[in-house]
2 protein chains.
Amino acid sequence: MENFSFKNTTDIRFGAGRIDDELRNVVSQFGKNVLLTYGGGSIKKSGLYDRVIKALDGLNVVELTGIAPNPKIESVRKGQQLVKSQNIDVVLAVGGGSVIDAAKVIASSKFYASDPWELVVEPSKRLTIDQLPIVDILTLSATGTEMNKGSVISNPETNQKLGTYGPNTPAVSFLDPTLTYSVSKWQTAAGSIDIFSHLAEQYFDQSKNNDVKIGLIEGLMRTVIKWAPIALQTPDSYDARANLMWASTLALNGLAHTGNINGWTVHPIEHELSAYYDITHGVGLGILTPHWMTFALTAETQTQFANFGRQVWQLSGDDQTVATQAISATAEWIASLGVPTTLPGVDINSTEHFEAMANSAVIVGQLDKGYVPLTATDVIALYEASMA
Amino acid sequence: MENFSFKNTTDIRFGAGRIDDELRNVVSQFGKNVLLTYGGGSIKKSGLYDRVIKALDGLNVVELTGIAPNPKIESVRKGQQLVKSQNIDVVLAVGGGSVIDAAKVIASSKFYASDPWELVVEPSKRLTIDQLPIVDILTLSATGTEMNKGSVISNPETNQKLGTYGPNTPAVSFLDPTLTYSVSKWQTAAGSIDIFSHLAEQYFDQSKNNDVKIGLIEGLMRTVIKWAPIALQTPDSYDARANLMWASTLALNGLAHTGNINGWTVHPIEHELSAYYDITHGVGLGILTPHWMTFALTAETQTQFANFGRQVWQLSGDDQTVATQAISATAEWIASLGVPTTLPGVDINSTEHFEAMANSAVIVGQLDKGYVPLTATDVIALYEASMA
């Protein structure tokens, strides 16, 4: 087990209906000027917007709407203008990963004099400046952003989709499973695959005897595998939505990475797809993951894939058989969620950008230092294998 | 899954040798006047005391030594006198659960005008007053106090051993597995049983479909079961000590309780034993736990005990068989650690206090609201079953 540091100060308020009683006190402790950020109109249709506005009655609420999936730097720029001109004290993000991710960079941008894209490209700059407190109300179980310092921001002008991180996790996160009852089947599936992928990225690591982390991840994987199909079939199953939501949070709050050595692999490879084609992140991960697993299964990694098969998929048999079956089981689970499993399925029919995407993924993701290192040629082969 | 709140701000610094580089900055951020608390002479014998004093060179260090296992209120009273008279800014606790537990109440007592025993009897009083920041260097993997708000303090004058909690978890906890290489077999076994018991107290709960918590606990249980015997056999196995240490911390930092309904059972029953006879807490838990499990296994709980058997002990078969075998496996694991498994084994040869202890345990532990409710008669029967 490698040395590690762990500190996560986010105040989690988990359960149905807590915002009505608690949101006002939580937000107003930070000040009167609130930037309320959200995406499209779904929170208006669901009635959540009205509940939030009612809870904030008497505070000075400024709104920034239209934050899109794969959030764009343009939204952050608009937010920067507002937090500065309106002297904002706290950012209240109501939405999924995209809305909260953008809110984090906006919260930093108040204390930055130049273009906030610079804060994305050079996260070290963000660590030297202050950040407004963030309160969020999560409406999609997927990215784990509700309890970490990270954001992923896209810049369509440069075809870049980059991860960045600030000094603080959200101050308070409201996790109300009932707010995800209305999440579409597509987003429920994509979000569940995203959770699973976060876990796989941290499970497959060269660290030895890191059993606390391994056990945590195996439990979370079993939880997602079990409850995602139930959430698809019964969208208002409280237990399904609650387990997915708490799993999404713990999958990426730092615990699942403790004692690890390697960085991530499939995410940087997928980020290129989203950057070039603006596809749904979780769907892209679902397409790539089984191919990556097939690539990563070697004589050296076979034991770990076999353990994955036994503990997560309840398989039995010799290492080679179980390892191979575990990859098949993963692919079948992803397909069973009803999402496309090939690139043409998400309207990527040409290989023209594969080389540029692969070159970028290797550099951005430092794939030469991965659990199983990948070259640009390897990444191109993964993209090509995903064509059928 | 029940609603829950989770917030834990402790800064964990995990790994070998970090105090030499980091302790000074960590402590001095809170001020110059440091109360250094520790137990007997073991940290002097191991050289840890010298390293700490060297790291704190230039700060004003006041010492409070002699904090005993099952820490006594008298040590807290001495600490209160020092934090007030020496204008202490930060408490540095170097030791196991007892030293850190006492440090927490001492940290509160600076802001309390009367006898600190009142803060133990009425924890609500502590929540209304301030608490000095606590930095700790853990030397025993057991109680989890390094990442929670709790303490257990004994008052020999009144035969009471009570849990109490303050407003804050430790500010910073140094978790260096190498500092536990010198822990005796007795304390290693007792600490491992304590960790296991914390997990069992939270695993067996009436909450339904609480899979994230269940998976977390099962992974931590497997970790402790695997590594405790290795730590006994090879005291300087870094991986054994590291896994036990991180498991002890996560077993009781709040995560394993998320979404739960019930309180604890075996701990309050054991606390009476320690209060009357000053036995080692973890050994007392090991004596009682299999008997409690046998009592708690009913038609209603059989499925959960069977799941425990399958996921934690890798047993297979029908529910009734697996549930029974899981209790046997637990008892055998405890016995294999080389600790006494009966009350006479810890020199408790008389039943004279059982009735008073049982009556107290039921009230203090609210055992009528437990996973399987217990009356005083039930508790007496548990004590009696533990005589052989």
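Contact here means heavy atoms within 4.5 Å, and the legends that follow describe close-up views of a predicted model.

**View 1. The surroundings of A:Gln304 in helix H13 of chain A.** The helix that holds A:Gln304 spans residues 302-313 of chain A. With a relative accessible area of 16%, A:Gln304 is buried, because the cut-off for that term is under 20% relative accessible area. When its neighbours within four places in sequence are left aside, A:Gln304 is in contact with A:Tyr203, A:Phe204 and A:Asp205, and also with A:Ile214 and A:Tyr371.

**View 2. B:Glu22 and its partners in chain B.** In chain B, helix H1 covers residues 18-28, and B:Glu22 is found within this helix. The relative accessible area of B:Glu22 is 19%, so this residue, too, is counted as buried. The side chain of B:Glu22 is joined to the side chain of B:Arg18 by a polar contact of 2.9 Å. Once residues up to four places away in sequence are not counted, B:Glu22 touches B:Arg13 and B:Phe174.

**View 3. The relation between chain A and chain B.** A turn of 180 degrees, together with a shift of 0.0 Å along the axis, lays chain A on chain B with an RMSD of 0.0 Å. This is the relation of a two-fold axis. The same surface serves both copies, as 100% of the contact residues of chain A recur in chain B.

Notes. Residues are numbered from 1 along each chain as its sequence is written. Chains are lettered from A and ligands numbered from 1 in the order in which they are written. This is a predicted model: local features need pLDDT of at least 70, side-chain atom pairs count only at pLDDT 80 or more; totals for chains, interfaces and linings use all residues. Side-chain values use heavy atoms; hydrogens and water are left out. Helices (H or I, at least four residues) and strands (E, at least two) are DSSP runs, numbered from the N terminus. Buried means under 20% relative accessible area, exposed over 50%, partly exposed in between (1.4 Å probe, protein chains only). A polar contact is a pair of N or O atoms within 3.5 Å; within protein, one must be able to donate a hydrogen and the other to accept it, and residues adjacent in sequence count only if both atoms are side-chain atoms. Copies are superposed by least squares on the C-alpha atoms of residues with pLDDT of at least 70 in both.
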